[in-house]
Amino acid sequence: MFSLMRVDFHTVFPLRRARVHEVCGPVAMGFAAMSVGDGALWIRESWMSDTLMPQGLLPIFNPARLLLARPKDQTDALAVAEEALKDGALPFVVIEITRPLNLREGRRLQLAAKAGGTTGLCIISEGMGSNAAETRWHAASIFDTQSEDSTLMRWEIKKNKSGTLGAWNVRWDQKTRRVHVVSPVGERPGSARASG
Amino acid sequence: MWFPRLASDRVLRARLVDGPFAITLKSNNTERIYCLNETAEGLGLTRGMSFADARAFCPDLISQPARPDLDARFLAMLRRWATRYCPWVGRDGEDGLVLDVTGSTHLWGGEAEMLADIRARAMRAGLTLRLGCAETRGAAWAFAHYGTGTEALSDLPVAALRLADTTVTALQRLGLRSIGDLAEAARAPLTRRFGPDLLLRLDQAMGHIPEPVRPESEPPSFATRMSLPEPIGLTEDVMGLTARLLTPLCDKLNRYEMGARRLTLTLRRVDQGSQQVELRLAAPMRDPQRILPLFERGVSEVDAGFGIDQIRLEATQVEPLPVQQIGSAQTSPDQLNDLITRIGTRIGLENIQRFLPSDSHIPERSFAIAPAAFSTPDSAWSCLRPRPLRLFSPEPIAAHSAEPPARFRWRRMSFTTGRAIGPERIAPEWWLPDEAWRSGVRDYWRIETREGRRLWLYHTPQNPGWFVQGEFA
């Protein structure tokens, strides 16, 4: 079973352009920040009280290149996302989803991303996925027994419209500002426990 | 034209008061009377009197604080009104206008008729007005301020020459009381004693030295409008008209090197109702092709009713926008600004924000969130120690020791501490009162749990307690 899931990370990770993807899990925000290349619009409804911390983004990308949109509800959030995806002025759009998208909404986002050549990423709660998404990821941080520099995470691709599934342990390299795959899952001791 | 009671007349025009009325201005730490009406003057009050004294003299005095800015605007309005008599109208001090009526009096049937007309209109408007008409500007000022009837210029006191108070007093001590006395006196000693200003004023009043009236230009108004013979109702028609109005407006903005920041499209319906579409732009702009699509959303929401027969487009807020060389430069900032505007018309321009660095050690205050349309990006971020990606308001957990707890529960999940990095002590900023930091200094710990999650905890030693405030990626 594991041999079937062996798929090269680089074919899936810089998320495919002109598509909308989904991510869930405890460090979904970290995943979103690490997939942003350069310049993004982050759409977050205005009633949410916790914030992104720009100093926390600093090792990942320059927070000056981030714009925040604070719509009042999800309808506005989706309208803003569609507008931004279609426009293409910002290459990446992150949308925090609070209620499940229906098929029409998901499809409209896909079409907008295709029109603008931009990448969209919906941060969803577990089980809120939409059928229209190109890929769906689960991101969880795992405890690193060996190293002090701990950005170790387990990224698992749970849905892929144009490829196979897979799971990787990755860490963020601050110097090169890139995601590095540590070693395939299943070959490290204790990885079965860490996946929970 | 001199309006001796400009400030009080302005207020009384809006709200008529029977009885004494005064405008007060605070100067040198005391309220002083700045302007007052005739009734108040009749009761013995004077300008410059302290307000407390005035209240003692006249207990039923009604007063208002002075608004010099509104007075200046009122005078500007009067200046504009006065252009009905002649095109050369300038302001004279804070409460006067000067008109160069040469060549325009015959339109009113002569000088006397024109003055009578001005006087009648001012009286109807409730303004106290004193007029002086003479061959020179200086003489007209003298007659307006000091003339009482039919005397000649040389009979007026020297104060009528627009001189400083000290000069006037000194001249009176010398026995030179009227302008005639001054004109007959030897010029050289006067210049030596009082400087060139005195004789300059005298010559200006006598007409030996010209003193032109400087008319003010009208501030440009960035508005266009169109009336239609037949009412329209289709969105495409309205957009087409908007495009036709936008082109001359943008040409005008271009001529003045201005850019519109806020545009209002007023659509007047056949039944006299009107609807407005307001457009706020993220950056000053004057390109019709780019502004037009931004109106689409607003126009589509308008209820045309029985049809629209007048349409007006106004740039209600403009900012300087110099002409720029176009060419190899990237167009991406423009595109981004357009996007911000388009999103802003839906969710409000203030709700599109960006992070700005802020100089503070307190995590919550180490960054500021500012509207993107009214700020510029700043990359001067500094961060000595790792900070979490998500920051939330502190959530207490049950733990008591000063060392990080080995096991704890947070958000209904139980965690085992795998590694604790810290502490990092952050002291409250005592100069800024903050309710959340009342509990004193905080020792921040970065906790890596065996379950995977990496949390930012802090301990308050002065007020023992543990809190979770953030989560790392």
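Tutor: In this predicted model, A:L52 has B:R390 of β12(B) as its bridge partner.

Student: What makes β3(A) and β12(B) a pair of strands?

Tutor: Two strands pair if there are at least two bridges between them. Two bridges join β3(A) to β12 (residues 390-397) of chain B, so the cut-off is met. The two strands run antiparallel.

Student: How do you know that β15(B) and β16(B) pair?

Tutor: By the cut-off of at least two bridges. Strand β15 (residues 442-449) and strand β16 (residues 454-459) of chain B are joined by six bridges, and therefore they count as paired. Here too the run is antiparallel. B:R446, for example, stands opposite B:W456 in β16(B).

Student: What is the order of the strands in the open sheet?

Tutor: The seven strands follow the order β3(A)-β12(B)-β17(B)-β16(B)-β15(B)-β14(B)-β13(B), and their pairing is antiparallel.

Student: Why are β3 of chain A and β13 of chain B called edge strands?

Tutor: Each of them, β3 of chain A and β13 (407-410) of chain B, pairs on one side only.

Student: How many residues does each chain bring to the contact?

Tutor: Chain A gives 40 residues and chain B gives 37 residues. A residue counts as in contact if its C-beta atom lies within 7 Å of one across the chains. On the side of chain A that touches chain B, elements supplying at least two residues include α2 (28-35), β3 (51-52) and α4 (74-87). The largest share, six residues, comes from α4(A).

Student: Which class of residue is found on that side of chain A, and how many of each?

Tutor: There are 25 nonpolar, ten polar and five charged residues.

Definitions and conventions: Residues numbered from 1 in each chain as written. Chains lettered and ligands numbered in written order. Predicted model: local features only at pLDDT ≥ 70, side-chain atom pairs only at ≥ 80, totals over all residues. Contact = placed C-beta atoms within 7 Å. Helix = DSSP H or I, 4+ residues; strand = E, 2+ residues; numbered from the N terminus. Nonpolar A, V, L, I, M, F, W, Y, C, P; charged D, E, K, R; others polar.
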